[in-house]
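Here is a short report on selected local features of one model. Please read it alongside the sequence and the coordinates.

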Amino acid sequence: MRSIWNGSISFGLVTIPVKTYSATDRTSSVSFVRIHEKDGAQIQYRKICELDGEEVPNEEVGKGYQAPGDDTIVPITDDDLSRLPMPTAKTLSILSFTDPDQIDPLQMDKAYYLGPNGAAAAKPYALLREALEDHRKVAIGKVAMRGRESLAMLRAHDGALVMHTLLWPDQVRPVTGVAPEDVELRENELTLAETLMDSLGELDPAELHDDYREAVEELVTAKLEGEPVAPAASGTSGAQVIDLTAALEKSVRAARGRETGAESGSASVTPLRGRKTAKKATGKKTAAAAAPKATGGRAKGTSAAKKATAAGTSTTTPKKATSQKTTSKSAAKKTTAKTATPKKTAAKKTSKKSSA
């Protein structure tokens, strides 16, 4: 990692030489170049002088200051800036220590890693880092970087010191006219919202990635290989009128379902069945439904038998008697069926002779 600025931290009478490294990398984000659609050539940006209309080389480009509401531009040179009384030049002067929640996140600008510059800076560097961690404080000071003075916040993070440049308080715009007023909220809506917050759980930074960048990279790869570009999935857009309570309840159920799936480690998928399979399943369901009834009948008979036994009567004799009656009835039906068949046959023969 290359150092972009060398300076020092002024901590009372202690001076800590440090090197500054950029803590963020925005080169991984998606960026496009402008091209001429007719021939695909890239469009160049040139510095043109408004007075003579000619291109100005970089070595002739300087600084100027234009006051708000004034058309006059005053030339400013690096020599002019070097003469300004700037006590924070090359030094981060710590003014006070405060709680982290006292800093408005809207003031956060850019982040830098600070590392000790030289072996002699290692001990005071570690001392300040440990003091910030143990006391749970952040340091507030001023620093001059790249030709301007800024507020800065210093904090301990992952074994190192991190400096955040802060916007000045007058650079943060007021929130007047942004938030709605006189909105009534019911108690159950607040409860559901808090339940949803608890159900979503903690965030794993390792799972965060730029889906848009990946989609752009796939698009570019497909164009280079001459493959057709898959259309994006259509989604709903625009504001929708919803039942807030119902939406919160559904969101809570979905969040809890994700938690259950994550704990089990795998998700079960129920396949869709065809009509034939559905009929078979219906038959099985009917048989399964009938089984509990039969079981329930047996259970009732068993309980009746137990009651009879408890009363001192025998349940074996009635069962035998019932089976004997059933057998005699079925035998009688068979005999009747046999005798009825010859009579019908004889009747048919007699009708045939009479017709002859």
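Two strands pair if DSSP finds at least two bridges between them. Helices (H or I, at least four residues) and strands (E, at least two) are DSSP runs, numbered from the N terminus. The model is predicted: local features need pLDDT of at least 70, side-chain atom pairs count only at pLDDT 80 or more, and totals for chains, interfaces and linings use all residues. Residues are numbered from 1 along each chain as its sequence is written, and side-chain values use heavy atoms, with hydrogens and water left out.

**Hairpin.** Strands E3 (residues 63–66) and E4 (residues 73–76) run antiparallel, joined by four bridges. Tyr 65 has Val 74 in E4 as its bridge partner. Six residues separate the strands of this hairpin, and Gly 69 in the turn has a positive phi of about 80°.

**Helix H4.** The 14 residues of H4 (residues 211–224) should span 20 Å at 1.5 Å a residue (1.5 Å times one less than the number of residues). The end C-alpha atoms are 20 Å apart, which agrees. Asp 210 caps the N-terminal end, with a side-chain oxygen 3.1 Å from the backbone nitrogen of Tyr 212. Just after H4, Gly 226 takes a positive phi of about 75°.

**Loops.** Three loop residues count as exposed (over 50% relative accessible area, 1.4 Å probe, protein chains only; buried is under 20%, partly exposed in between).

| Residue | Loop between | Relative accessibility |
|---|---|---|
| Arg 136 | H2 (122–135) and E7 (138–145) | 68% |
| Asp 182 | E9 and H3 | 79% |
| Leu 185 | E9 (160–166) and H3 (187–200) | 53% |

Arg 136 has a positive phi near 55° though it is a residue other than glycine. Asp 182, also not a glycine, has a positive phi of about 55°.

Technical notes:
A polar contact is a pair of N or O atoms within 3.5 Å; within protein, one must be able to donate a hydrogen and the other to accept it, and residues adjacent in sequence count only if both atoms are side-chain atoms.
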